[in-house]
Amino acid sequence: MLKSLYARTIWLIFISFSLIVLAAGYFRFWAPNQESIANKVSVYTAYVAEVNKVSSAVKKKEAAAKAIQLAQAAWLPYVETKTPLQSVEAGGINLNVNQYQLLLDTKKFRDSVQIALNNQLKTGGVKVISGPRIPGVTDQDAPNSVLASYYNYPSAPFPVVIYDLGQVTVQGTYEQILANVRAWSSMPRYLAVAHNLALAGTAPRLTGTYDLSLVGYIRYDGINGPVPDAGGASAPGGGAGPGGPGGPGGGAPMGPAMMGAASAGGGRGAR
């Protein structure tokens, strides 16, 4: 019996000692190592996620750059054919001048747009009964206001003239009137839209009436800052006179086109 008790005691001591050793190993080595491993796995996972974000951001940046290049390539033909030139003498406008000069140049630009409009009005061989007048600026306009009021900048993200010109009335055959309306889509230097065509009269001589809108995206390399605002500027001798009232958006008053020779304040009317 004593021998059996002695053997049992040895086993209990051995088991207890083993449990102590196992507990010490668990709490001293295995558990902390597992926690450290878990932390390292978490850090690694977070690192991989950040690397993926960077990779995704790089891909998005590359995609955006490619989209910009495609958009620029698609827009280039319009820049070449559907925007006014940067030369006032060539019928365009240069915004990279001081505001006093811009006021004077805008008068000339307004006349150039009127001449281009009048030439386009006669396309197709129609007779122009009434046509629109391009609005302009006056000597009473403050130089520092021209960029905002006439070129809609910076309310628009880029300088642009927008002329809602109202109704145009022409006479001709059915084919001539259709050719006249369709030709607005190919007007040089400007984006023109003719819509709401209505025909009246008896063939072959018909009268066509339609609404006309004209948009000009202005090229620019830079825009000068404001000048001390001392009111309007006077046009030099021989310069174009004031045009019609131009408000934000370049809205045009309703009325007949300038007919006959050019006069101060307007381009030549359509004949």
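This is a selection-by-selection tour of the structure, which is a predicted model.

**The whole chain**

Start with everything shown as a cartoon. The protein has four helices and six strands. Read from the N terminus, the elements follow the order α-α-β-β-α-β-α-β-β-β. Of the 271 residues, 31% are buried. The accessible surface amounts to about 15,900 Å², and 63% of that belongs to carbon and sulfur atoms. Contacts between residues at least 6 apart in sequence mostly span further than that: 74% of them join residues at least 24 apart.

**The sheet**

Select residues 127–130 and 191–202, which are strand 1 and strand 4, then add 160–172 for strand 3 and 205–217 for strand 5. These four strands make an open sheet in the order 1-3-5-4, and the pairing is antiparallel. Strand 1 and strand 4 stand at the edges; each has a single partner strand, so one side of each lacks a neighbour in the sheet. Looking along the sheet, neighbouring strands are turned by 30° against each other on average, direction ignored.

Now zoom in on the pair formed by strand 1 and strand 3. Three bridges join these antiparallel strands. To find the register, pick Val 128, which has Val 170 of strand 3 opposite.

Move across to the pairing of strand 3 with strand 5, which is antiparallel and runs over twelve bridges. Here Gly 172 has Leu 206 in strand 5 as its bridge partner. Another residue to select is Leu 165, also in strand 3. With a relative accessible area of 2%, Leu 165 is buried. Its C-alpha atom is 5.5 Å from that of Ser 213, although the two positions lie 48 residues apart along the chain count.

At the edge, select Asn 196 in strand 4. Is Asn 196 buried or exposed? Asn 196 is exposed, at 54% relative accessible area. Leaving aside neighbours within four places in sequence, the contacts of Asn 196 are Thr 209, Tyr 210 and Asp 211. For Asn 196 and Asp 211, the C-alpha atoms are 6.0 Å apart, with a sequence separation of 15 residues.

**Helices on the sheet**

Select residues 99–121. This is helix 2, which lies across strand 1, strand 3 and strand 5 and runs at about 30° to strand 3.

Next select residues 174–183, helix 4, which lies across strand 3, strand 4 and strand 5. Helix 4 runs at about 10° to strand 5. Show the side chains of its buried residues: Ile 177, Leu 178, Asn 180, Val 181 and Ala 183. What covers them? The cover includes helix 2, strand 3, strand 4 and strand 5.

**The salt bridges**

Side chains of opposite charge can pair when their charged atoms come close. How many salt bridges does a search of the whole structure find? The search finds two.

For one of them, select Lys 107 and Asp 139, whose closest N and O atoms are 2.1 Å apart. Lys 107 belongs to helix 2, while Asp 139 sits in the loop between strand 2 (135–136) and helix 3 (146–149), so the pair ties together parts that are 32 residues apart in sequence. The two ends have unlike surroundings: Lys 107 counts as buried at 1% relative accessibility, whereas Asp 139 is partly exposed at 29%.

For the other, select Arg 110 and Asp 111. Their side chains meet in a salt bridge at 2.7 Å, N to O. Both residues are buried.

**A patch on the surface**

Finish on helix 1, residues 2–81, where Tyr 44 is placed. Tyr 44 counts as exposed, with 56% relative accessibility. Add Tyr 47 and Val 51 to the selection. Together with Tyr 44 they form a nonpolar patch on the surface, with about 360 Å² of accessible area in total.

Technical notes. Residues are numbered from 1 along each chain as its sequence is written. This is a predicted model: local features need pLDDT of at least 70, side-chain atom pairs count only at pLDDT 80 or more; totals for chains, interfaces and linings use all residues. Side-chain values use heavy atoms; hydrogens and water are left out. Two strands pair if DSSP finds at least two bridges between them. Helices (H or I, at least four residues) and strands (E, at least two) are DSSP runs, numbered from the N terminus. Axes are lines fitted to C-alpha atoms, for helices over the stretch in contact, and angles run from 0 to 180 degrees between N-to-C directions. Contact means heavy atoms within 4.5 Å. A salt bridge is a side-chain nitrogen of Lys or Arg within 4 Å of a carboxyl oxygen of Asp or Glu. Buried means under 20% relative accessible area, exposed over 50%, partly exposed in between (1.4 Å probe, protein chains only). Patches are made of residues with over 30% relative accessible area and no salt bridge: like charges are joined within 9 Å, nonpolar side chains (Val, Leu, Ile, Met, Phe, Trp, Tyr) within 5 Å. Accessible areas come from the Shrake-Rupley method with a 1.4 Å probe; for residues, only the protein chains shown count as cover.
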